[in-house]
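Trainee: I have a new structure open and I'd like to walk through it with you. Can we take it piece by piece?

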Amino acid sequence: ATTGTYSYFTRELSVIYALPLADVWIRALAAVESLQLHIDRQRIDGLGGEIQARRPDGTNVQVSLEPTGDHSTSVSVRVGDLGDREMSERVQRAIRQQVGI
């Protein structure tokens, strides 16, 4: 994984993982569940994946996955309508733990 990039325009924290989409997908789902977020919707196809979840207080959490090559995947996390960098970093940390880095 590389260092995350936070966009103040999109309010997303993006990290590229050196793993194929299918491998990151499984770990992203496990990370969201480990943070006790309620998953409202999930979808994955050859173009990417998306997990829509919410915190106990109802705040939306969106995790978007996009392949950036055969063996790398970009994961973007956005929390709430206005973004929450700290919570986005917690989600990415949980994914890194699942990946083992």
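Trainee: Which elements do the buried residues of α1 pack against?

Mentor: Keep in mind that this is a predicted model. Start with the residues of α1 that are buried, namely L21, V24, W25, A28, L29, A31 and V32. They cover an arc of only 160 degrees around the axis, which puts them on the same side of α1. The elements that this buried set packs against are β2, β3, β4, β5, β6 and α2.

Trainee: And which exposed residues does the face of α1 turned away from its buried side carry?

Mentor: It helps to recall that an α-helix has 3.6 residues a turn, so residues three or four places apart point the same way. In α1, the face turned away from the buried side holds two exposed residues: I26 and E33.

Trainee: How far apart are the end C-alpha atoms of α1?

Mentor: Helix α1 covers residues 21-34, which makes 14 residues. At 1.5 Å a residue, they should span 20 Å, and the model agrees with that: the end C-alpha atoms are apart by 20 Å.

Trainee: What order do the elements of the protein run in from the N terminus on?

Mentor: Count what there is to place: two helices and six strands. Reading from the N terminus on, the order is β-β-α-β-β-β-β-α.

Trainee: What is the radius of gyration of the protein?

Mentor: For 101 residues, the globule rule gives 13 Å. The value for this protein is close to that, so it is as compact as a globular protein of that length; its radius of gyration is 12 Å.

Trainee: What share of the 101 residues do buried residues make up?

Mentor: For this you need the cut-off: buried means under 20% relative accessible area. With that applied to the 101 residues of the protein, the buried share is 35%.

Trainee: Let's look at the strands. Which residues are on the covered face of β2?

Mentor: Strand β2 takes in residues 12-17, and its two faces are not alike: E12, S14 and I16 sit on the uncovered one. That leaves the covered face to L13, V15 and Y17.

Trainee: Which residue is the bridge partner of T5 in β2?

Mentor: First, β1 (residues 5-7) pairs with β2 in the antiparallel sense, over three bridges. The two strands form a hairpin with four residues between them. Across this pairing, the bridge partner of T5 is S14.

Trainee: And which residue in β6 does L13 stand opposite?

Mentor: β2 also has β6 (residues 72-79) as an antiparallel partner, with five bridges joining them. L13 belongs to the covered face of β2. Its opposite residue in β6 is V77.

Trainee: Back to that first hairpin. What is the phi of R11, roughly?

Mentor: Most residues other than glycine have a negative phi, and most peptide bonds are trans. R11 lies in the loop between β1 and β2, and with a relative accessible area of 31% it is partly exposed. R11 is not a glycine, yet its phi is positive, at about 65 degrees.

Trainee: There's a similar case after α1, I think. Is Q36 buried or exposed?

Mentor: Q36 lies in the loop between α1 and β3, and its phi is near 60 degrees, a positive value in a residue other than glycine. The cut-off for exposed is over 50%. At 66% relative accessibility, Q36 counts as exposed.

Trainee: How many bridges join β3 to β4?

Mentor: These two strands run antiparallel, and a hairpin joins them through two residues. One of the bridge pairs matches H38 with R54 in β4. The number of bridges is seven.

Trainee: Which residues is I39 in contact with, leaving aside its neighbours within four places in sequence?

Mentor: I39 has its place in strand β3. Two of the buried residues of α1, L29 and V32, are among its contacts. The full set is L29, V32, E33, I51, Q52 and A53.

Trainee: Last one: what distance separates the C-alpha atoms of I101 and Y17?

Mentor: I101 is in the segment after α2, and its relative accessible area of 56% makes it exposed. Along the chain, I101 and Y17 are 84 residues apart. Their C-alpha atoms are separated by 9.9 Å.

Conventions: Residues are numbered from 1 along each chain as its sequence is written. This is a predicted model: local features need pLDDT of at least 70, side-chain atom pairs count only at pLDDT 80 or more; totals for chains, interfaces and linings use all residues. Side-chain values use heavy atoms; hydrogens and water are left out. Buried means under 20% relative accessible area, exposed over 50%, partly exposed in between (1.4 Å probe, protein chains only). Two strands pair if DSSP finds at least two bridges between them. The expected span of a helix is 1.5 Å times one less than its number of residues. The arc is that of the directions from the helix axis to the C-beta atoms. Contact means heavy atoms within 4.5 Å. The radius of gyration is taken over C-alpha atoms; the globule rule is 2.2 Å times the number of residues to the power 0.38.
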